[in-house]
Amino acid sequence: MSVRHLDRMFQPRSVAVIGVSRRPDAVGTLVWRNLRAAGFAGPLWAVNHRPFELDGQTVFAGVDELPGPPDLAVVCTPADSVPDLVAQLGHLGTRAAIVLTAGLREGRAPDGRSLEQAMLDAARLHLLRILGPNCIGALVPGQALNASFAPGQALPGELAFVTQSGALATAMLDWAHERGIGFSHFISLGDSADVDFGDLLDMLGSDAHTRAILLYIESVKHARKFMSAARAAARNKPVVLVKAGRRPDGARAAASHTGALAGSDAVFDAAVHRAGMLRVDTLEALFDAAQTLARVRHWRGPRLAVLTNGGGAGVLAADALGSGELATLSDDTRARLDACLPPNWSRGNPVDIIGDAPPTRYLDALRVLRTAPEVDGILFMHAPTAIASPDAIAQACLPLLREADRPVLACWLGGRRVAAARALFGQHGIACYATPERAAAAWLQLRDHHAAQAALLQLPEARAALVCPDREGARALVEAALASGQEWLDELDAKRLLGAYGIPCVATERVDSVDAALAVAARIGYPVALKIVSPAILHKSDVGGVALNLADADHLRAEALRMRERVARARPDASLSGFTVQAMAVRPRAIETIVGIGSDPVFGPVLLFGEGGTAVEVRADRAIALPPLNAVLARDLIARTRVAGLLHGYRGRAPASEDAIVDVLLRLSQLASDLAPVAELDINPLLVDEQGAIALDARVRVRPAESTRDGAHLALRPYPSGLESELAIGGGTLRVRPIRPDDGERLARFYAACSPEDLRLRFFFTRREVPPSELARYCQIDYEREMAFVALDGDTLCGEARAVCDPDNDTAEFAVQVAGDWQGRGLGHALLGTLIGYLRARGTRELVGSCLETNHGMAGLAREMGFGMHGNADGTLQLRLPLQ
């Protein structure tokens, strides 16, 4: 990921358009005139190999004749000329180009490379950034920049819109202009050979002029880069997207249930959920969501009160919401409304105050609802009547609504009669919608967004680190299967793999004859289950290859013979290599679930949980998440299924152990992180009851993997266990390791034990405690761009050193804190040294930080470690240390 030189692209001081023409409809000429019409204030140069005069300005014959290197070059020449032009521009000193030309991916250079690759190779020598090729261009109204051939200008605003579709870009620009929607940036990615969604999310996420980011996505190429940038941006501001190409999950035929997920839209949904973004289905909903998330404040919860002067409109809103999101009015609230409303008001929610409602009636009802403890938000609705003026109602209600300590949305139904009232609300920051359904959809978007954000900021419970009994044995088992050309592990090896990760499985043995099966059954005890073993048959029950509850030897022998006959009829091509015999898990009140691992071509491994059993495809009750998981994310995965309701217990049935499922999911997450060759894994069923969980059947598919170590195959970088170490200090030994998501309680105790002065020196202001949401951000770091090393004395955290790298890995900003009992003993020096070593290894160029001038301990440590120090007028010291 990199934002290097993107300032030259979107805030250029000079622009050259290469490929202008005498033809007014030529792309280069359209770009030139768009730039002039936008009022770009810097030097604007035109280039064509045949010089002429364009709009009174001389056209240069080549880039080498330009008065200087343009900050930004817009290239509109034939595809085969682009690589050489990019090389010339890079040599000249240009560091950003927008390539509008199409056909580079298909075209070939003389040496056989694609023209696109030749262009990138030429650009890379000079760190020249490229937007496109095959794009419409970019518009930045705040910079008076329209470097595009879009038909018109963009209005200035605070929304950034990034799209992969050029046709959609032009349509969207026209649509937004008609509705008065403005943009901070309007960017067409095209083929995104260089600059992609990850780069732009990093740039826009920290842009002070952008309050929300809107994306139209057709595909994602670099999953880890995208996820890291999306998570960072979504913490700062709303990120809302539409993705084309929804299709039913599992539309692709696959041998395992998790295998059917590969490339499915559900995986993309899981990625969006994990990053804290919001996905919507339509472009109209995209702008509604941006308005809602950017304007609505004071989120309290999902319970909405609908205040309306029209019963029908209220019912439409309620239907669109679903009953679960309507607040149930308390007796006290209804009594207070009785006192100020006509006798024929609805006496429920929606609160219908009758069509003749004057401003005072709206105000009286609002005063009740805005203080009702059971109401989390208010939807203000008005349908025009001949009795009350919408303008008068808007002016009367606006001050009260702006002071509300809970979210307020508005729906002004109608056209010209309510236009001024709607505009007044909008000017004062209240999100407005044209229909009850859109207002209800906006509330549900708001709910979903806050639920996703809350999930990101939940602190997992402290848990002992998962113990993998035999990680290396599991790796050896997979590698042996690959070496022998085996694609599917047989059932016994699949269960051995699960056992290596501590996942409980029913006792299973493989035999090659009926007599051997009888001997095993006698040893493990009846009743037993008998299953065929055949490399050609994965779904054994489909061919009659499974028999359950065999009570004795006679039943077992007879069933084995019948099983051979059934399989021979159903699959005469398949050879049987024996049977597996397993003890029957007698757990009559257990619930059948499915857990598994799938492999997506973009996002890599994904985890699945849902209702299991033989009807798993029919019920299709499942949820998906990206590994690695922590306990909070595992519980969220469970909660997103319908079977979760059964797990809580019903009709006298005891609740099943959710903790046991969480444990299995965490172990599968670790397996997916450790073993890149595991492409698919199904445990179906995983029986769960109050006693715990146990796997009855398992299927595992393996395939050669390019990256087998350090989680390189994952979309999210996993916990870097290889950075754990021990530190001898003060006559004892401390454990030093990267921080983990479940360190929240330890970190809370660490800060709670700090003196007020230590907290002031650390955070630059006086505080008594660090809130849970902040603790979650400190613990749930993105190891792709952040690092925090903690020192532990047993279970007590006694020091931390953390750094956040910029997207270009040029600089990292650091902080260090040591518990009072450990100060002056060298721990700060050791932790900072560990952090510096890590950053040097990752290629970070410089470590920077700041401290108060009165923080003599930090200043002394920085001086000792070789930092340069510079005093600022605000009483702080700027600290800098070159690392390379």
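Student: Which residue just after H28 takes a positive phi?

Tutor: In this predicted model, Gly866 has a positive phi of about 90 degrees.

Student: Which residues of helix H28 are called buried, and why?

Tutor: In H28, which spans residues 856–864, they are Met858, Ala859, Leu861 and Ala862. The term applies because buried means under 20% relative accessible area.

Student: What puts these buried residues on the same side of H28?

Tutor: They cover an arc of only 160 degrees around the axis, and therefore lie on the same side of H28. The face turned away from that buried side carries the exposed residues His856, Gly857, Arg863 and Glu864.

Student: Against which elements do the buried residues of H28 pack?

Tutor: They pack against helix H27 (827–841) and against four strands: E35 (811–818), E36 (846–852), E37 (868–871) and E38 (876–882).

Student: Why is helix H6 called roughly parallel to helix H7?

Tutor: The axes of H6 (residues 197–205) and H7 (residues 223–236) come within 8 Å and cross at roughly 20 degrees. Angles under 35 degrees count as roughly parallel, so H6 is roughly parallel to H7. The crossing of H6 and H7 is left-handed.

Student: Which residues make the contact between H6 and H7?

Tutor: H6 contributes Phe197, Gly198, Asp199, Leu201, Asp202 and Gly205. H7 contributes Lys225, Phe226, Ala229, Ala230, Ala233 and Asn236.

Student: How many residues of each class does the contact of H6 with H7 have?

Tutor: The contact has 6 nonpolar, 3 polar and 3 charged residues. Gly198 of H6 is one of the contact residues, and Gly counts as polar.

Terms used:
Residues are numbered from 1 along each chain as its sequence is written. This is a predicted model: local features need pLDDT of at least 70, side-chain atom pairs count only at pLDDT 80 or more; totals for chains, interfaces and linings use all residues. Side-chain values use heavy atoms; hydrogens and water are left out. Buried means under 20% relative accessible area, exposed over 50%, partly exposed in between (1.4 Å probe, protein chains only). Helices (H or I, at least four residues) and strands (E, at least two) are DSSP runs, numbered from the N terminus. The arc is that of the directions from the helix axis to the C-beta atoms. Contact means heavy atoms within 4.5 Å. Axes are lines fitted to C-alpha atoms, for helices over the stretch in contact, and angles run from 0 to 180 degrees between N-to-C directions. Angles under 35 degrees count as roughly parallel, over 145 as roughly antiparallel, 65 to 115 as roughly perpendicular and the rest as oblique. A crossing is left-handed if the near helix is turned anticlockwise from the far one by less than a right angle, and right-handed if clockwise.
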